[in-house]
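Work through this structure with a few short questions. Each answer ends on the value or name asked for.

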Amino acid sequence: MSSFNNCIKFDLDIKEKNIVFKDYFYKMVQMKKHKIYEAELIQPACPYCGSLALLHNGHLITNIRYLTANASHPVTIRLAKQRVRCRDCSRWSMAQSELASKYCSISNASKLKILSALTEDRSMTSIARENNVSVNTVQRVLGSCSHRFLDSYEYLPAHLAFAEFKGVDRQLHFICLDGDSHQVVQILRTRYKKNLLKYFGRFSPQARANVRTVTLDLNFYYQDIVRACSPNAQIVIDRFHMIQMLTRSFNSLRVKVMKTFDKRSRQYQLLKSPWKLYLKKYDELEKIHPRYNWHYKDCLTQAQVVMEGISANTALENSYNLMQSFMQAIETNNTQELKSLITSKDSIGTLMHKTLLTFKYNLKAVLNGAALPDSNGCLEGFNRKIKQSERTAFGYSNFINLLTRIRLEENQYKEKEPNSLLMTA
Ligand SMILES: [Zn+2]
């Protein structure tokens, strides 16, 4: 083989020996300077009987889009595929190569590059522009590996975390993560009880018995699903969600009390402007150095502000103390203390009372939340990532595309070679 052919093959990183390069030149196509390589694809033998006695009958010329370092100079391989007729079995055949699939004019190398770009947080338009293909091609490459992420029902990890996120059409989708490895177990289109029961019902009893804990927020029917599907699993309410519920109810009580005072009064200002201090842990408040604040026109330390603020109302004071003890108990994994707090009879305002009733109703799961190390933290982080990729794409209208993209952007595929994902169709 000529050194000219070998040189081009080395440059383009093509190893197939049936491809022979003949010529190269520049050509203007649609106001763009295209780099064109001419090559012939040889059919060495009959694919049906292996005979070498072939009758040549012209070529089929296909323009194959190839990788390019400079997106403003697209590279095209003009491949002339030999058409032959076998003298032995008299059947027609045409040469095929690994360069591009049959009936396809995008090279497999480009598809792989597109796929590895899809594992990054980038828009499809930018990927399409870099590879000189249309956005539809990028979507097709995305679609070609979607089947890998559709349902599999063999195995469930020991620690699960349930949550939901907003996706296509502002619908809420269900997401379930492995609590240890932080990998996605499943993303479902809806989060309705019926669908979730159906989904988890498909797993084998052994797989379902493998689940030890399930971490969730206080969504009322997730617990029913866990109880129905994996009776051995312990339900764990996420610590963060518990504290969030408490601080929200405390905040609404604070606003309610605040509004009973005149806007220019000291009490009103003490409850209004330093609202963040009330949500901090009491131990973290500044207790020594006072600071002047022009809202309430006095020089006070942070602890003094909070103490004077809550003294305006007994219910507010009680609920502040309860919230602080609750946070402390969760931090020190003190379940006894937590139990007595939940059953406390102090007057604490209706919303806080309702929150405590909810905890009381789910007492075992709440105590698990304090006692066990599992939490939904990994899921909240993952949801942030999903939100980011949705924003990059200006939203998705196709759920399967969203799902595939989320899974591709997971670290396990980023680090691995994406080659394993591409199915040459
Ligand atoms: Zn033949």
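**Sheet, cores and helix α8**

Q: Which residue in β7 stands opposite L160?
A: This is a predicted model. Strand β6 (residues 159-166) and strand β7 (residues 172-178) run antiparallel and are joined by seven bridges. Opposite L160 in β7 stands D178.

Q: What is the order of the strands in the open sheet of five strands?
A: The pairing in this sheet is mixed. The edge strands, each pairing on one side only, are β8 (184-188) and β10 (234-237). Neighbouring strands are turned by 20 degrees against each other on average, direction ignored. The order is β8-β7-β6-β9-β10.

Q: Which helix packs on the sheet, touching β6, β7 and β8?
A: The direction of this helix makes about 140 degrees with that of β8. The helix spans residues 193-201 and is α5.

Q: Which residue in the turn of the β7 and β8 hairpin has a positive phi?
A: β7 and β8 pair in the antiparallel sense over four bridges. In this pairing, I175 stands opposite I187 in β8. Five residues lie between the two strands of the hairpin. The turn residue with a positive phi of about 60 degrees is H182.

Q: How many residues of β8 are buried?
A: β8 is an edge strand of the sheet. Even so, the strand is mostly covered. Of its five residues, the number buried is five.

Q: Which helix gives the largest share of the largest nonpolar core?
A: The core has 59 residues, and F162, F200 and F326 touch the most other members. At least three of its residues come from each of domain 2 (148-237 + 376-419) and domain 3 (239-371). The largest share is eight residues, from residues 314-331, which form helix α12.

Q: How many residues are in the other core, apart from the largest?
A: Among the members of this other core are A117, F165, I175 and L177. I175 belongs to the β7 side of the pairing with β8. The count for this core is 33 residues.

Q: Which residues does F326 contact, leaving aside neighbours within four places in sequence?
A: F326 is one of the three residues that touch the most other members of the largest core. Two of its contacts, M242 and L246, are buried residues of α8. The full set is M242, L246, L338, L341, I342 and F359.

Q: What distance does α8 reach from its first C-alpha to its last?
A: α8 has 20 residues. At 1.5 Å a residue, the expected reach is 28 Å. The model comes close to that, with 28 Å.

Q: Is R248 buried or exposed?
A: R248 sits in helix α8 (residues 239-258). Its relative accessibility is 56%, and the cut-off for exposed is over 50%, so R248 counts as exposed.

Q: Is D217 buried or exposed?
A: D217 lies in the loop between β9 (213-216) and α7 (222-229). Not counting residues up to four places away in sequence, D217 touches E164, Y222, I237, H241 and N376. Its relative accessible area is 11%, and buried means under 20%, so D217 is buried.

Q: How far apart do the C-alpha centres of domain 1 and domain 2 lie?
A: The domain assignment gives domain 1 as 3-105. Domain 2 is made of 148-237 + 376-419. The separation of their C-alpha centres is 45 Å.

Notes: Residues are numbered from 1 along each chain as its sequence is written. This is a predicted model: local features need pLDDT of at least 70, side-chain atom pairs count only at pLDDT 80 or more; totals for chains, interfaces and linings use all residues. Side-chain values use heavy atoms; hydrogens and water are left out. Two strands pair if DSSP finds at least two bridges between them. Axes are lines fitted to C-alpha atoms, for helices over the stretch in contact, and angles run from 0 to 180 degrees between N-to-C directions. Contact means heavy atoms within 4.5 Å. Buried means under 20% relative accessible area, exposed over 50%, partly exposed in between (1.4 Å probe, protein chains only). A nonpolar core is a set of buried Ala, Val, Leu, Ile, Met, Phe, Trp, Tyr and Cys residues joined through side-chain atoms within 4.5 Å. Domain bounds come from an automatic or database domain assignment. The expected span of a helix is 1.5 Å times one less than its number of residues.
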